[in-house]
Amino acid sequence: MSVTSRVSPRVSPRVSPRVSPRTLAGIIVALVVGTPISSTAVHAQRSPATRRFRADSFYIREWVRGGTKDPDLLVEPRAIAITNQVVVVLDAGTREVHAFDLTSGAKRFVLKATGEGPGEFRQPIQVAATARQVGVLDAATSRLTVYSDSGRFLWTTLVPDGPTVEALCLLPRGRIRVKYLGATRAVALIDSSGTIVSRTSLPVATPLQKAPSFANSAYIADGCAGESMAVAPFFGGSWYSIASNGAAKRFPYIEAGQEAVVTTKQRRLERTSKHITTQTTMTTDVSPIVRGAMQHGDTVIIEAGATKMHPHQLLDYYRASDGAYLYSRRLPFTPTALAIAPNGRLVAASIGTETSLVVALSTTPRSPREIAKQKPRK
């Protein structure tokens with residue numbers, strides 16, 4: 001008698017509070033208040049006890065798509081990837097992939113869920129980008145399809161266990177690196193034929209390796225600079241740098257979180273003569289310390305989750321080479337997806353109760369009073 005389990009986590013670390021687009025439309029500045037600390041670089045193993053904030057931690061809006069001006073454009077933007085030219089947004093609500101001009105926000109192309117043929121997908125769950133290419137992972141076919149930054153189909157490859165991929169990044173020569181659910185054999189290198197070349201486990205404690213999957217879930221920082229990769233677990237006190245050969249280094253968060261203690265419950269849904277269908281529910285009272293991760297050159301940027309500071313809209317910057325904490329910035333709202341462009345501009349998504357939007361933000365050292373005197377940006 002075979003047993004089929006359907007996992008249904010009750011607590012998902014990725015769920016974010018919804019922010020009204022009407023509220024976001026009026027937000028162009030985020031004020032950062034903090035106690036200045038010496039600018040001397042602090043090694044990862046001696047991180048300061050408190051955050052220090054950059055003088056240019058104020059944000060101004062460059063452009064916005066969606067919201068009240070074009071409310072039917074986006075329904076549920078859940079993932080963002082950026083090339084040198086376009087911002088790619090995965091809309092889970094419509095199963096579409098939108099591309100906007102990086103500079104102006106003008107629409108460049110839309111990829112729709114049409115099927116399983118060459119250049120097609122049915123259920124997109126992840127997007128990734130290089131300087132000139134866009135990748136879309138399809139959960140229905142367990143396949144990655146790659147397009148040019150103008151929307152032209154280039155190539156495709158199978159991704160083993162595609163529905164369990166949490167994040168991925170594109171590498172040279174058609175290879176990809178993925179982060180699967182959990183910690184054991186969770187990081188994999190896949191070649192252009194869809195063959196897994198290597199798999200690496202995250203260096204977590206042995207008891208936690210056997211914990212339920214989402215307790216060991218993590219984000220990977222986009223970019224995979226130099227073919228290395230930064231992995232930021234939802235829970236715990238450390239993030240990791242994974243080298244191209246699979247070697248892992250552990251670095252502490254500026255504000256450590258707790259390991260997730262998970263309670264698992266099972267109930268029978270259906271029983272036939274051939275199989276039993278059960279539902280597994282995983283719950284935890286621990287809040288995730290991380291909500292996302294990005295990489296810009298030698299800098300790893302981690303979006304903080306459950307922190308002692310309020311509101312929980314913080315970006316912590318670390319040096320990728322040695323894990324040293326550098327500084328922090330405060331976001332003007334809580335995004336559902338966030339990515340960084342080659343020029344350092346942030347692009348964030350928000351899912352509202354009425355409309356959703358994508359907004360490009362840039363930092364400025366000008367004070368809120370100086371910004372308020374300027375004419376509003378269109």
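Let's start at a turn: strands S13 and S14 form a hairpin with five residues between them, and Gly-194 in that turn has a positive phi of about 90 degrees. The model you are looking at is predicted, and this hairpin is a good place to begin finding your way around it.

The two arms of the hairpin, S13 and S14 (residues 196-200), pair in the antiparallel sense over four bridges. To see the pairing at one position, find Val-187 in S13, whose bridge partner in S14 is Thr-200. On its other side in the sequence, S13 has a second hairpin, this one formed with S12 and with six residues between the two strands. Here too the turn holds a glycine with a positive phi of about 90 degrees, namely Gly-182. Strand S12 (residues 176-180) runs antiparallel to S13, and four bridges join them. Within this pair, Arg-177 stands opposite Leu-189 of S13.

What happens to the side chains of S13 itself? In a regular strand the side chains alternate between the two faces of the sheet. For S13 (residues 187-190), Val-187 and Leu-189 point to one side and Ala-188 and Ile-190 to the other, and all four are buried. Both faces of this strand are therefore covered.

Now step back to the whole chain. Its secondary structure comes to three helices and 27 strands. Of the 378 residues, 52% are buried. Among contacts with a separation of 6 or more, 51% are between residues 24 or more positions apart. The chain exposes about 17600 Å², and carbon and sulfur atoms supply 50% of that area.

Charged residues offer another route through the model. A search of the whole structure finds 11 salt bridges. One of them brings us back to strand S12: Glu-166 forms a salt bridge with Lys-179, with the closest N and O atoms 2.8 Å apart. This pair links distant parts of the chain, since Glu-166 sits in strand S11 (residues 165-170) and Lys-179 in strand S12, 13 residues apart. Are these two partners buried or exposed? Glu-166 has a relative accessible area of 16%, so it counts as buried. Lys-179 is buried as well, because its relative accessible area is 0%.

A second salt bridge joins Glu-255 to Arg-51, and there the closest N and O atoms are 2.7 Å apart. Glu-255 lies in the loop between strand S18 (248-252) and strand S19 (263-271), while Arg-51 lies in the loop between helix H1 (21-25) and strand S2 (58-66), so the pair ties together parts that are 204 residues apart in sequence. Both Glu-255 and Arg-51 are buried. They also belong to a network of salt bridges that links Arg-51, Glu-255 and Asp-316.

Moving from that loop into the strand that follows takes us to Arg-65, which forms a salt bridge with Asp-70, the closest N and O atoms being 3.1 Å apart. Arg-65 has 17% relative accessibility, so it counts as buried. In the strand pairing, Arg-65 stands opposite Val-358 in S27. The two strands involved, S2 and S27, pair in the antiparallel sense over eight bridges.

Strand S27 (residues 356-364) deserves a look of its own. Eight of its nine residues are buried, so this strand is largely enclosed by the rest of the structure. Besides S2, S27 has strand S26 (residues 346-351) as an antiparallel neighbor, joined to it by six bridges. Within that pair, Ile-351 stands opposite Ser-356. A hairpin through four residues joins S26 to S27.

The last stop is an arginine without a salt bridge. Arg-143 lies in strand S9 (residues 143-148). Which side chain of opposite charge is nearest to Arg-143? That is Asp-138, 5.1 Å away, and Arg-143 is buried yet has no salt bridge. A salt bridge needs a side-chain nitrogen within 4 Å of a carboxyl oxygen, so Asp-138 is too far away to count. Instead, the side chain of Arg-143 reaches the backbone oxygen of Gly-117 at 3.2 Å. Leaving out residues up to four places away in sequence, Arg-143 touches a list of others, including Glu-116, Glu-120, Val-136, Leu-137, Thr-156 and Leu-158.

Notes: Residues numbered from 1 in each chain as written. Predicted model: local features only at pLDDT ≥ 70, side-chain atom pairs only at ≥ 80, totals over all residues. Heavy atoms only, no water. Buried < 20%, exposed > 50% of the residue type's maximum accessible area, 1.4 Å probe, protein only. Pairing = 2+ DSSP bridges. Contact = heavy atoms within 4.5 Å. Areas by Shrake-Rupley, 256 points an atom, 1.4 Å probe, with all protein chains shown as cover. Lys, Arg positive; Asp, Glu negative; His and termini not counted. Polar contact = N/O pair within 3.5 Å; in protein donor to acceptor, adjacent residues only side chain to side chain.
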